[in-house]
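Student: I have a new structure to look at. Can we walk through it piece by piece?
Tutor: Yes, here it is.

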Amino acid sequence: MAEIHSTSIITPKKSLFSLNLKDVFRSKDLLFLFVKRDFVAVYKQTILGPLWFFIEPALTTIVFTVIFGTIAGISTGNTPPILFYLAGLTCWNYFADSFKKTSNTFIENQHIFGKVYFPRLITPLSIVISSLIKFGIQFLLFLSFYFYFYLFTDSGLEPNMTLLLIPYLIILIGLLGLGFGLIISSITTKYRDMRFLIQFGIQLWMYATPIIYPLNGIEGNLRTLVLINPVTSIVEAFKYGFFGEGEFNILYLAYSSLFTLIILLFGVVIFNKTEQNFMDTV
Amino acid sequence: MSDTRLKVENISKQYRLGEVGTGTLSHDLNRYWYKIRGKEDPYSLVTEANNRTAKGSSGYVWAIDNVNFEVNEGEVLGIIGKNGAGKSTLLKILSKVTGPTKGKIIINGRIGSLLEVGTGMHPELTGKENIYLNGAILGMSKAEITSKLAEIIEFAGVEKYVDTPFKRYSSGMRVRLGFAVAAFLEPEILIVDEVLAVGDAEFQKKAIGKMKEISKEGGRTVLFVSHNMGSIKSLCNRCILLDSGRVTFDGDTDSCIRLYLNKNTAEINPNLLENKDRAGNGKLLFSNIRFYNEKKDEVSEIFSGGYLKLQIDYLLTETVNIEKLILAIGFQNDFAENIINFVTDEMGIVFPKSNSTKGTFVLEIPQLYLRGGRYTIRILAMEGGTNPENFLDELNSAGTLDVITSDFWGSGKTIRPGQFSFSNGNITLEEWKK
């Protein structure tokens, strides 16, 4: 008799918190193959390949510098505008990518999900990880500009101990995007309305985040609103670490961390609840 | 020692018909309202049995209705049924793609499902990269795939192309690669849905052979859905028949297939008088056609080399000299080519004189040597000659007969479908009593 690896039971209702995280861990090979697929497939048959990862934020930064820095004249403090926008955009792109791509999980992958079972959580996780690689490349671009300004110009950049928090901040951004994405992807299996909202919602959200302006440049109710946004304190801490300028408040960061934790938990639970029957409604 | 690998208890699956839209939200809220008051789901009461041809009133159907069965270790269970009987839904529930509405399934062991070959393969990746990707999707670890990589490539027969992007593959190569990966899966329970209906004849044979090997040598449990009775017959040692989501038979393969084939006869309209596609002067009209097997059951499908009795009823609208009647019965393939013809004057058959205005021609074929496929029956009655002016009644498609490929020669191999066949038989006439 062959050795039996496991006994499993299929029932209509599963408990809200039977998350099968063990299965997710067991499928780590699949996770990495998905990451590889996402990463490799995008730039196959292109000449510049992953260089496109540089070109995209570089062009956006130039556009921002011209429009918001030069034409609109929004102050970036002592920080060179290029560096300021690049830092904000790099963080924001990672959040937006994690959010936007995971929010389509069920709809985009219905042909695979409809034919074979594997822990569905693998797919959004792989998206967050492949977005992290993209972030890494863009981060390198930022670093090279940063070192140029730091070493060769007299720009008053003051790197400080907050830099030690950078890895934590990056993980926080990814998980926050993942949490929101999981919730939206679960809702879109039945009601497609959310997809339209997300399209421009993320665009608008960026303007509620201190990407093109420093947090200390705004006051009053507007400031409260921007502070409620959980991305704000993460981006501000990121900038503070590199530039020594902006607002770094451990309380704000704690708020964002707690927010991320709750959104992520809620997202995983609702995603898990949806995954069993979504094929019937998607 | 046989061990229960899979136990399905009272599984039901409800589907909502029509579009998912505005109504869904209100139904969802209503459901939730019943649920918090501790009442039963209001929509499960009005849900109807799944009959796709009759329009229902409630908008909900049971695609799977209270299904129970067990599968033991090493068993190959065939699941057959008409389109829409719930076969694929059942497999989807078993492979966790979708959840049941009611019931419970207990699975002992790893389960691998093959509802499609090559799931998740990416066109931009190379053959080798896709083997890893597809293997991992199907539940293999990277190390497992690496250890079987050479075998998989060899089985698929794509050595030359392993480093070429998948999008450059021919459709046959894609299927081969997909099946090859799946063939090296090693779960205790394998679920297969009609994936063998792809690839060329040689590859199909290879695939069936591999499946047999998996179940026999591996001692693994296989659940197999197919419309191809030939492969069901050669693979499965037990079968369940699904009809409108219910299990109507559970037992040995041959009885199950027979039951299934008999059920299908209802779909043929046997009233030939309503058939408009006819020629001839109409002095004689064919009115009915029926097929029987050796057990005198009415059928629409027989096995290659099997017994067939064909009965054609006729009625006379004017006097016809039956002694001068020539009857031709042809079995035509999909291309309307006559594969077998039974013509009474060639066979030296003269019908006895008769004054009856109604009767039945009976064609009895002890062994019908037709290769697998669907055949159209053409019948033609002539009086006194074979020129068009002698035609009494001609029906180009009086009925269809499905011939199922089988192990005709007893060699363990099935006959490949093809064109030419040869058969022998006798035609007699039975008079109807007035």
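Student: Which residue just after α3(A) takes a positive phi?
Tutor: Gly73(A), which comes just after α3(A), has a positive phi of about 70°. Helices here are DSSP runs of H or I with at least four residues, strands are runs of E with at least two, and both are numbered from the N terminus.

Student: Where does the numbering come from, and is this an experiment or a model?
Tutor: Residues are numbered from 1 along each chain as its sequence is written, and chains are lettered from A and ligands numbered from 1 in the order in which they are written. This is a predicted model, where local features need pLDDT of at least 70 and side-chain atom pairs count only at pLDDT 80 or more, while totals for chains, interfaces and linings use all residues.

Student: Back to α3(A): how many residues does it have?
Tutor: α3(A) covers residues 52–71, which is 20 residues. From first C-alpha to last it reaches 27 Å, close to the expected 28 Å; the expected span is 1.5 Å times one less than the number of residues.

Student: Where does α3(A) bend?
Tutor: At Thr65(A), by about 25°. The bend is the angle between axes fitted to the seven residues ending at that residue and the seven starting there.

Student: Which residues of α3(A) are buried?
Tutor: Phe53(A), Pro57(A), Thr61(A), Phe64(A) and Thr65(A). Buried means that 20 or more other C-beta atoms lie within 10 Å of the residue's own, with C-beta atoms placed from the backbone; 12 or fewer is exposed, and in between is partly exposed.

Student: What do they pack against?
Tutor: The buried residues of α3(A) pack against α4 (81–102) and α7 (122–152) of chain A. Contact here means C-beta atoms, placed from the backbone, within 7 Å.

Student: Now chain B. Where does α5(B) bend?
Tutor: α5(B), residues 142–156, bends by about 55° at Lys148(B). Lys148(B) is also one of the buried residues of α5(B), along with Ile145(B), Ile152(B) and Ala156(B). Their cover includes α4 (127–137) and α6 (171–183) of chain B.

Student: What comes just after α5(B)?
Tutor: Gly157(B), with a positive phi of about 70°.

Student: And Phe166(B), where is that?
Tutor: In the loop between α5 and α6 of chain B.

Student: Why does Phe166(B) count as buried?
Tutor: Because Phe166(B) has 22 C-beta neighbours inside 10 Å. Beyond the neighbours within four places in sequence, the contacts of Phe166(B) include Met121(B), Leu125(B) and Arg174(B).

Student: Different topic: is β15(B) mostly covered or uncovered?
Tutor: Mostly covered: six of the eight residues in β15(B), 325–332, are buried.

Student: Which strands does β15(B) join?
Tutor: Eight bridges join β15(B) to β18(B), residues 373–383, and the two run antiparallel. Five bridges join β15(B) to β16(B), residues 338–343, also antiparallel. Strands pair if DSSP finds at least two bridges between them. Phe331(B) has Ile377(B) as its bridge partner in β18(B), and Ile329(B) stands opposite Phe342(B) in β16(B).

Student: How many residues does each chain put into the A–B contact?
Tutor: Chain A gives 31 residues and chain B gives 39. On the chain A side, α2(A) gives the most, with six residues.

Student: Which strand of chain B does β1(A) join?
Tutor: Four bridges join β1(A) to β5(B), residues 102–108, and the strands run antiparallel. Ile10(A) stands opposite Ile105(B) there.

Note on methods:
Two residues are in contact if their C-beta atoms, placed from the backbone, lie within 7 Å.
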